Amino acid sequence: ELLFQLRNDDVIGRMDAAAALTAFKDDPRTGAALAASIAADPFWAVRKIAVEALARLAPRGLMPVLKRAVRDADPRVRAAALAALGDLRDRALLGFFEERFNTDPSDRVRAEALTAIGKAGDPSAVPFLRRAAAVPSYRHMVRGAAAAAIKRLEGK
């Protein structure tokens, strides 16, 4: 029923279905349905909740889906995808996070990229984070995220 609801209901119903599908993480149809919703749902909030639900299932196996979501049209979806990738704490993604910081126009997404860098736990990223802290942003979002990431990496 949730799979049908995710494809056919109104916005609120699709959002509820995406969130509820996490209870069925062992069903192979769940990941596929959430990935399809991320790729094709017309409403940003459904895509965002699908990204968050997918991240709770098995994000390592679905990393390509999350990497595609980082290029979504809506910055809220892109930020959610970066947060999910950051939770992997994978140092191999540092270059990807830096590239997203350097190319994305959204301050929210850029701040999430810096947070993901901090989560990766590689102290060699501190010089990049110090340079990023100097980038002007709305309400100093980027500077705050860079400072928090540096603090995390330096163990303070």
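A crossing of two helices is left-handed if the near helix is turned anticlockwise from the far one by less than a right angle, and right-handed if it is turned clockwise. Keep that in mind as we walk through this predicted model, starting with a pair of helices where the idea applies.

Helix H9 passes helix H10 in a left-handed crossing. Their axes lie 8 Å apart and the packing angle is about 160°. Angles over 145 degrees count as roughly antiparallel, so H9 is roughly antiparallel to H10. On the H9 side, the contact is made by Val126, Leu129, Arg130, Ala132 and Ala133. H10 brings Val142, Arg143, Ala146, Ala149, Ile150, Leu153 and Glu154 to the contact. Sorted by character, the residues where H9 meets H10 comprise nine nonpolar and three charged ones, with no polar residue among them.

Now look at the loop that links these two helices. H9 covers residues 126–133 and H10 covers 141–154, and Arg139 is found in the loop between them. Phi of Arg139 is positive, near 50°, even though this residue is not a glycine. With a relative accessibility of 68%, Arg139 counts as exposed. His140 belongs to the loop between H9 and H10 too. His140 is another non-glycine residue with a positive phi, about 55°. At 46% relative accessibility, His140 counts as partly exposed.

Let's move to the N-terminal part of the chain. Helix H2 spans residues 11–20, and its buried residues are Gly13, Arg14, Met15, Ala17 and Ala18. What covers them includes helix H1 (2–8), helix H3 (28–40) and helix H4 (44–57).

One of those buried H2 residues, Arg14, also leads us to a loop residue. Asp41 sits in the loop between H3 and H4. Is Asp41 buried or exposed? Its relative accessibility is 8%, and buried means under 20%, so Asp41 counts as buried. Leaving aside residues up to four places away in sequence, Asp41 touches Leu6, Arg14, Ala36, Val46 and Arg47.

Finally, turn to the nonpolar interior. The largest nonpolar core has 54 residues, and those with the most contacts inside it are Leu34, Val51, Leu85, Phe97, Leu114 and Ile117. H4 gives the most to this core, with eight residues. Leu34 is a good one to click on in your viewer: not counting residues up to four places away in sequence, Leu34 touches Leu6, Ala18, Leu21, Ala50, Ala53, Leu54 and Leu57. Two names here may look familiar, as Ala18 is among the buried residues of H2 and Leu6 is one of the residues that Asp41 touches.

Terms used:
Residues numbered from 1 in each chain as written. Predicted model: local features only at pLDDT ≥ 70, side-chain atom pairs only at ≥ 80, totals over all residues. Heavy atoms only, no water. Helix = DSSP H or I, 4+ residues; strand = E, 2+ residues; numbered from the N terminus. Buried < 20%, exposed > 50% of the residue type's maximum accessible area, 1.4 Å probe, protein only. Contact = heavy atoms within 4.5 Å. Core = buried A, V, L, I, M, F, W, Y, C linked by side-chain atoms within 4.5 Å. Axes fitted to C-alpha atoms, helices over the stretch in contact; angles between N-to-C directions. Parallel < 35°, antiparallel > 145°, perpendicular 65-115°, else oblique. Nonpolar A, V, L, I, M, F, W, Y, C, P; charged D, E, K, R; others polar.
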